[in-house]
Amino acid sequence: MLYYESTGHLLLTPVDREAPARAVRLRELGLGERVDGELDAFARRVADVLGAPHAGVNFVGEERQFFAGLHHAPDAPESGYPARVLPRDHGYCPHVVVRRRALVLEDVRDFARFAGNAVVDGSGVRSYLGAPLTDRRGIVLGTVCAVDVAPRRWGTEGLATAKELAAEVVALLHEREDRRA
């Protein structure tokens, strides 16, 4: 569903009615506020497995996104994206979170809704693949994602891989929660 401002302009970031509950859950789990070495290593694995220059484990709060896990390949083209912290209206992870399902954009410029996002012109992002991190309470906490500065075909194999990687992160988060309980 598309949402419009009262001025009639298309909102590029979807309305997120679950944001307050997600913010509470992220605080309970101690996520979304600090860099996590284990998640950085996982982001590196995501980049390696998907062959992407940039990858992340991203938690989406009410006003911003935080990449607790982030990897840029040493030889990756300099794009500035993703940074550790982004406004909620930058990038594509907030769309995955609100949609509650994976998103594949082989070339973001092929989609009017996504082509106007600030990361396209500002950071050169051209391709995105993201899968939701849904916890045991059914709350989508964020995403596992990969981005490229060139259009690319992720294919059904890439989509399936992103979903498998997201399930691994969720299992890791559940293990951490269980140890603390």
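Two strands count as paired if DSSP finds at least two bridges between them. The exercises below apply this to a predicted model.

**Exercise 1. Find the bridge partner of L133 in β6, and state how many bridges join β5 to β6.**

Step 1. In β6, L133 is bridged to G142.

Step 2. Strand β5 covers residues 127-134, and eight bridges join β5 to β6. The cut-off for pairing is at least two bridges, and the two strands run antiparallel.

Step 3. The connection is a hairpin with five residues between β5 and β6. In its turn, G138 has a positive phi of about 85°.

**Exercise 2. Establish the strand order of the sheet and identify which strands stand at its edges.**

Step 1. Strand β1 (residues 54-60) is joined to β6 by six bridges, and these strands run antiparallel. Within β6, C145 stands opposite G56.

Step 2. Three bridges join β2 (residues 64-72) to β3, again antiparallel. R64 has P87 as its bridge partner in β3.

Step 3. Six strands form an open sheet with antiparallel pairing, in the order β3-β2-β1-β6-β5-β4. The edges are β3 and β4 (103-105); each has a single partner strand, so one side of each lacks a neighbour in the sheet. On average, neighbouring strands of this sheet are turned by 20° against each other, direction ignored.

**Exercise 3. Decide whether β6 is largely enclosed or open, and say which helices contact this strand.**

Step 1. Strand β6 spans residues 140-148, and nine of its nine residues are buried, so the strand is largely enclosed by the rest of the structure.

Step 2. Helix α2 (residues 37-50) packs on the sheet and touches β1, β2, β5 and β6. The direction of α2 makes about 65° with that of β2.

Step 3. Helix α6 lies across β1, β4, β5 and β6, and runs at about 35° to β5.

**Exercise 4. Determine how the buried residues of α1 are arranged around the helix axis, and what covers them.**

Step 1. Helix α1 consists of residues 19-29, and its buried residues are A19, R22, A23, R25, L26 and L29.

Step 2. These residues cover an arc of only 165° around the axis, which places them on the same side of α1.

Step 3. The cover over them includes β1, α3 (93-99), β6 and α6 (155-180).

Step 4. After α1 comes G30, which has a positive phi, near 70°.

**Exercise 5. Is R176 buried or exposed, and which residues does R176 touch?**

Step 1. R176 is located in helix α6.

Step 2. Its relative accessible area is 17%. The cut-off for buried is under 20%, so R176 is buried.

Step 3. Leaving out residues up to four places away in sequence, R176 touches L31, D36, E38 and L39.

Step 4. R176 and L29 are 147 residues apart along the chain, with their C-alpha atoms separated by 8.4 Å.

**Exercise 6. Classify the ring geometry of Y92 and Y128, then describe where R152 lies relative to W154.**

Step 1. The count of aromatic pairs comes to one. Y92 and Y128 form this pair, at 5.4 Å centre to centre and 55° between the planes, which is tilted.

Step 2. The pair links distant parts of the chain, 36 residues apart: Y92 is in the loop between β3 (85-87) and α3, and Y128 is in strand β5. Both tyrosines are buried.

Step 3. R152 lies over the face of W154, at 4.0 Å from the ring centre.

Terms used
Residues are numbered from 1 along each chain as its sequence is written. This is a predicted model: local features need pLDDT of at least 70, side-chain atom pairs count only at pLDDT 80 or more; totals for chains, interfaces and linings use all residues. Side-chain values use heavy atoms; hydrogens and water are left out. Buried means under 20% relative accessible area, exposed over 50%, partly exposed in between (1.4 Å probe, protein chains only). Helices (H or I, at least four residues) and strands (E, at least two) are DSSP runs, numbered from the N terminus. The arc is that of the directions from the helix axis to the C-beta atoms. Contact means heavy atoms within 4.5 Å. Rings of Phe, Tyr and Trp (its six-membered ring) pair if their centres lie within 6.5 Å; planes under 30 degrees apart count as stacked, over 60 as edge-to-face and the rest as tilted. A charge sits over a ring if NZ of Lys or CZ of Arg is within 6 Å of the ring centre and within 35 degrees of the ring normal. Axes are lines fitted to C-alpha atoms, for helices over the stretch in contact, and angles run from 0 to 180 degrees between N-to-C directions.
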